[in-house]
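Please open the model in your viewer and keep the selection tool at hand, for this tour goes from one stop to the next and says at each one what to select.

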Amino acid sequence: MHDTRVPPKARDPHGRGGAHSKTAALALLSFAMLIVSLDQYIVVVALPDIGRELGYSTRTLQLVVSAYAVASSGFLLLGGRAADLLGRRRMLVAGLTLYAVASLAGGLATGPAPQLAARAVQGLGGALVFPSTLAIINTTFAEGRDRNRALGVWGGSGAAGLVVGVLLGGVLTRMLGWEAVFFVNVPLAGAALVSAFRLLEPDRSREAGRVFDLPGALTSTGAVTLLVFSLVQGPALGWDSPWTIGTAAGGLLLLAAFAVVERRSPDPLVPMRLLANRVLCVALVVAFMFTATFGALLYFLSIYFQDVRGYDPLQTGVAFLLPTAVVVAGSTFAGQAVTRFGLRRTLVAALAVGAAGAAAVGLAVSADGSYAALVPGLVAVSIGDGVVFTMMFIAAGTGVADHRQGVASGMASTSSGIGAVVGLAALVLVANARTEGLAGEELRVATAEGIQAAVLVIAGGIVATLLVALNLRTPSTRVRGPRTGPATDSQPSVTMSE
């Protein structure tokens, strides 16, 4: 059914606009992705200043990061489903609005409680923006070369945002104070919000017969939120704490309830047919492992630069300029590489380069090491980071019908969010195993050794991800002629390769 506000002749047979409108829409979606991505780490280098001025304790300061992570991870699947049913542009606009309002509130906060609430709302906004941008790209660009190129640009923006956030956070904190890391999002999200109405087509009418699986949405969101909370707060509260055990048990119970609800729902939140798509299933595992390994590396490098090498926030940001440039180049190249070499070959090669780079970084980390010694490893791991980031989302949308792209995007982003929390929680335990009770030079040396151990574990995790990727049997992304009909949930519309 065509949207009554858009003349049918303005659309192509697949409901996709002209080249100029596609380019403009892609620029907007990539910009929105950059905003969401950079905010995950923009506060990291400002945390010491935030803690001092707002009265956080050393035990509660990490909540500034985890409040965003918990809310974002918990609502990503719901955000993806809402995009499919309620409209992708509507959800993008809603997410950007929440983002702008919450960022303003976070910068104006005078104590921990209002700021943590603002960070949670920011996470909810990100959970609407992230899958919406991915779903719009996957339904605007035909599967194959066009979509791969588009996701290369989008992925470059997202991967760069993680590193740009550290750089920008350092500059803003140094020049304008910690409040600026929140206020900067207001004009950015506002500009994207205005552009969305101008550059994106209005949402089509809702399909008849499709319902919003509210019980499934509530149980899945509750399950992920409680499980992520228990993993984030476990190290601080203690793994045997009643709070940790209680939230984990509650999350598992809700997860079981979600499984029961989905089996009985006439229009489930996560259709079982999607799980028959082997490419999507592998993409979910890779997304989880990617953020548990590559994603955690950024955190440990930031700690290494500041606590071991003594860099200030601005110097720490500058230290990330090189990996930022490489990550952007790798993400942009990924779309072209998968079109030419195939999904599995490109993914496996990128993981091999990334594992070698992480190992080199780990071996170069020491209390007296230099930045120059890190450079070869940083370049290699950043190539892997950029390529894999884009590749896992190309895989997640492969062979998925247009009306399921939102929920597939939500599944992939939820998996990556949980991976980030699980990976960081485990690796922090590795890094801090021998630092308790130390101070001064002994603490600095032990911190360097702990970070080295964590980075080497990351390298091993990337190797494990490579072994998963070897099992990928993908549909070729080299489309042989025009599409003759829509893809089903479980069967790609292109020829098989590899």
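Among contacts in the protein between residues at least 6 apart in sequence, what percentage join residues at least 24 apart? The answer is 84%, and it is worth keeping in mind, as you go, that the model you are looking at is predicted.

**The whole chain**

Begin with everything selected and shown as a cartoon, where you can look for the 18 helices of the protein, which has 0 strands. If you then switch on a surface, you will see an accessible area of about 19,700 Å², of which 67% belongs to carbon and sulfur atoms. Of the 498 residues in the protein, 57% are buried.

**Helix 12**

Next, select residues 278-308, which form helix 12, a run of 31 residues that reaches 44 Å from its first C-alpha to its last, close to the 45 Å expected at 1.5 Å a residue. As you follow helix 12 along, look for a kink of about 30° that is centred on F290. Because 24 of its 31 residues are buried, helix 12 is largely enclosed by the rest of the structure.

Now turn to the ends of this helix. At the N-terminal end, select N277 together with V279: N277 caps helix 12, with a side-chain oxygen that lies 3.0 Å from the backbone nitrogen of V279. After the other end, select G310, which follows helix 12 and has a positive phi, near 80°.

**V286, inside helix 12**

Stay with helix 12 and select V286, which lies in it. Is V286 buried or exposed? Its relative accessible area is 1%, which is under the 20% cut-off, so V286 counts as buried. Leaving out residues up to four places away in sequence, show the residues that V286 touches, which are L347, V388, M392 and T465. Then add F389, which is 103 residues from V286 along the chain, although their C-alpha atoms are separated by 9.4 Å.

**Aromatic rings**

For the next stop, display the aromatic side chains, among which a search of the whole structure finds 13 aromatic pairs. One of them is formed by F130 and F393, a tilted pair at 5.4 Å centre to centre with 55° between the planes. This pair links distant parts of the chain, since F130 is in helix 5 (residues 112-140) and F393 is in helix 16 (residues 371-397), 263 residues apart. Both F130 and F393 are buried.

Compare the view with W178 and F182, which form an edge-to-face pair at 6.1 Å centre to centre, with 90° between the planes. W178 is buried at a relative accessible area of 2%, and F182 is buried as well, at 1%. To finish with the rings, select F130, W154, F290, F294, F389 and F393 together, which ring pairs link into a cluster; F290, where the kink in helix 12 is centred, is thus on screen again.

**A loop residue**

Where does T435 sit? Select it and you will find it in the loop between helix 17 (405-431) and helix 18 (440-469). T435 counts as buried, at 14% relative accessibility. A polar atom of the T435 side chain lies 3.1 Å from the backbone oxygen of N432, and, leaving aside neighbours within four places in sequence, T435 is in contact with L443, A446 and T447.

Conventions
Residues are numbered from 1 along each chain as its sequence is written. This is a predicted model: local features need pLDDT of at least 70, side-chain atom pairs count only at pLDDT 80 or more; totals for chains, interfaces and linings use all residues. Side-chain values use heavy atoms; hydrogens and water are left out. Helices (H or I, at least four residues) and strands (E, at least two) are DSSP runs, numbered from the N terminus. The expected span of a helix is 1.5 Å times one less than its number of residues. The bend at a residue is the angle between axes fitted to the seven residues ending there and the seven starting there. Buried means under 20% relative accessible area, exposed over 50%, partly exposed in between (1.4 Å probe, protein chains only). A polar contact is a pair of N or O atoms within 3.5 Å; within protein, one must be able to donate a hydrogen and the other to accept it, and residues adjacent in sequence count only if both atoms are side-chain atoms. Contact means heavy atoms within 4.5 Å. Rings of Phe, Tyr and Trp (its six-membered ring) pair if their centres lie within 6.5 Å; planes under 30 degrees apart count as stacked, over 60 as edge-to-face and the rest as tilted. Accessible areas come from the Shrake-Rupley method with a 1.4 Å probe; for residues, only the protein chains shown count as cover.
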